[in-house]
Amino acid sequence: MLDRFNKLISKAKDGYSKYSSSFKALNNAYLLNYSDEKREFLFKHDKSALYYPKLNAKAKRIMDALSQTYFESDKMALLENNINSDSTILEMWQYAFDYYCKVINLYAILQPEFLKVSFLGTSIAKIYWDTDKPAIEMLDIDKVFFDPNAKNYDDLRYIIHEFSLTKDDIKRYIKDKIYKNADLEFDDSDEYKRYKLYDIYEFKNGKWILSTIFDDKAILRQEVELKDGLPIVCGYTLAQVKKLGESGFIGVYGEPPLASILPLQDEFNNLRNASIEATKQHLYPKMLINKNAQIDRDELINPTSPIYVKDLGAVTVLPQPSIQTAIANIQAIDNDMSETSGISPQQNGATSVRAETATMSSIMANEGSIRLNGYIRTYNETFIEPLFYKFAQLIYKYGDPMFFVGVDRSEVMSFKLNLECGIGALNKEVQKRNLIESSSLLGNHFQMCLAIKDFQGAELIKNAHEELIAKIMPLFGVKDFDKYRKEQEGDRLYQVQQ
């Protein structure tokens, strides 16, 4: 059995190796790192070696867009009625959901991932119940290896997760009977040394099972059925396109939104650095001097010192390159990067070198928002929504009983998850305008109800308007608006439980 597990690990790692070089190149581009060979060449020849953070800036803009979309309001998601849902239980469930979202600090967990997904293209999370609360653990892309034959996430038959534990961690798991007592060799000279382990998730007979091995030497856990299903969720911002006839395609990975601008980033660096070199030649021109001219080098360095020569023809200036041509090429590449990524300079707060009216700049920013919304919609459908669907299920199953007084939780009730994101949700100003217009319509309807003395209808419109205001206030930066409302969340929960 150990040989079988090692073969699965080797096969999955071989599949990852076909993508690893592109992941590393994009990661280095974000970190502004040249390859060792290129850095050494530039240094050796005294060349400008600046790395211009174009890809870096666009990655941060995508991160800001995701953060703004998901953390603009107080509620991460809304649980809504489905086929056999009970609205009373759903309200209790929603309160528990909001409570645990605050307990685990979702922003600290997801915000770093929002940054990495722009240049790595895939997010991977492990979600499980940890003692008294749900836990979301973001996994590194180079530590999770997928079934290399999987066409997509639903087609996965196994997943390998590489992680490390200390000697004391492993012994504690053995004591708690999570791991089997195996004959393991530890280095006693370093008590905090980390040892490599592999969790192997396999889909067999319609169920997910888990095995754990210590490096490639011993089995610590073998084919344990997971009662909550597969804890690993992965998604992307842009679907990967398979090359016709390609072998080794792993459909679980997404295409990084900024992968297509990596060659442009390299060329941009080259041209910008070359333009600096050209500017230096204009400021400090190179001279061609006859060896017999007998010119003192100090006379050339000192700008105020006269230079005495017998023959003026013995000194000539090396022709300088045209900087204007370089600037035009740099601008063309910058435009190509904006078009390819969908992130315009205006969205990063940069001004354009060409003359633009305020309307033109606004159109450029809005067109870029459309592409960003597409990234967010895909990310929401493939990663965020499945992640929080699992999150809600765990809360219903294991959450504190005080949230579910009198509720039989032997089976998870069906529900729909509503995350307010995707097309139209990114642009905060558009959201404000739409909600304010809705508020105006409700106000007119309220006046009409009062005019015809329909007090029951007026009460319903008033309640709807209050809910609308609760959505508008976070867009203006007002958090915890519920404390200003007459009916508090805690009061509603108490009434429901009664």
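Two strands are taken to pair if DSSP finds at least two bridges between them. Helices (H or I, at least four residues) and strands (E, at least two) are DSSP runs, numbered from the N terminus. On these terms, strand 2 (residues 122-130) and strand 3 run antiparallel and are joined by seven bridges.

The model is predicted: local features need pLDDT of at least 70, side-chain atom pairs count only at pLDDT 80 or more, and totals for chains, interfaces and linings use all residues. Residues are numbered from 1 along each chain as its sequence is written, and side-chain values use heavy atoms, with hydrogens and water left out.

**The three-stranded sheet**

Strands in the order 3-2-9 form an open sheet with antiparallel pairing. Strand 3 (133-139) and strand 9 (232-236) are at the edges with a single partner strand each, so one side of each has no neighbour in the sheet. Neighbouring strands here are turned by 25° against each other on average, direction ignored. Axes are lines fitted to C-alpha atoms, for helices over the stretch in contact, and angles run from 0 to 180 degrees between N-to-C directions.

Between strand 2 and strand 3, Tyr-128 stands opposite Ala-135. Helix 4 (residues 87-104) packs on this sheet and touches strand 2 and strand 3 (contact means heavy atoms within 4.5 Å); the direction of helix 4 makes about 50° with that of strand 3. Helix 5 (residues 106-120) also packs on the sheet, touching strand 2 and strand 3, and its direction makes about 155° with that of strand 2.

On the other pairing, five bridges join strand 2 to strand 9 in the antiparallel sense, and Thr-122 has Tyr-236 of strand 9 as its bridge partner. Four of the five residues of strand 9 are buried, where buried means under 20% relative accessible area, exposed over 50%, and partly exposed in between (1.4 Å probe, protein chains only).

**Helix 3 against helix 5**

The axes of helix 3 (residues 54-71) and helix 5 come within 8 Å and cross at roughly 140°. Helix 3 is therefore oblique to helix 5; angles under 35 degrees count as roughly parallel, over 145 as roughly antiparallel, 65 to 115 as roughly perpendicular and the rest as oblique. The contact includes Leu-55, Ile-62 and Phe-71 of helix 3, and Leu-106, Phe-114 and Phe-119 of helix 5.

**The five-stranded sheet**

A further open sheet has five strands in the order 4-5-6-7-8, with antiparallel pairing. Strand 4 (144-146) and strand 8 are its edge strands, each pairing on one side only. The twist averages 20° from one strand to the next.

Nine bridges pair strand 5 (residues 158-166) with strand 6 (residues 194-204) in the antiparallel sense, and Leu-165 stands opposite Tyr-195 in strand 6. Helix 1 (residues 2-30) lies across strand 4, strand 5, strand 6, strand 7 and strand 8, at about 95° to strand 6. Helix 6 (residues 167-175) packs on the sheet and touches strand 5, strand 6 and strand 7; the direction of helix 6 makes about 115° with that of strand 5.

**Positive phi angles**

Asp-215 and Glu-223 are listed below.

| Residue | Phi | Location | Relative accessibility |
|---|---|---|---|
| Asp-215 | about 50° | loop between strand 7 (207-214) and strand 8 (218-225) | 25%, partly exposed |
| Glu-223 | about 50° | strand 8 | 31%, partly exposed |

Asp-215 has its positive phi although it is not a glycine, and Glu-223 is likewise not a glycine.
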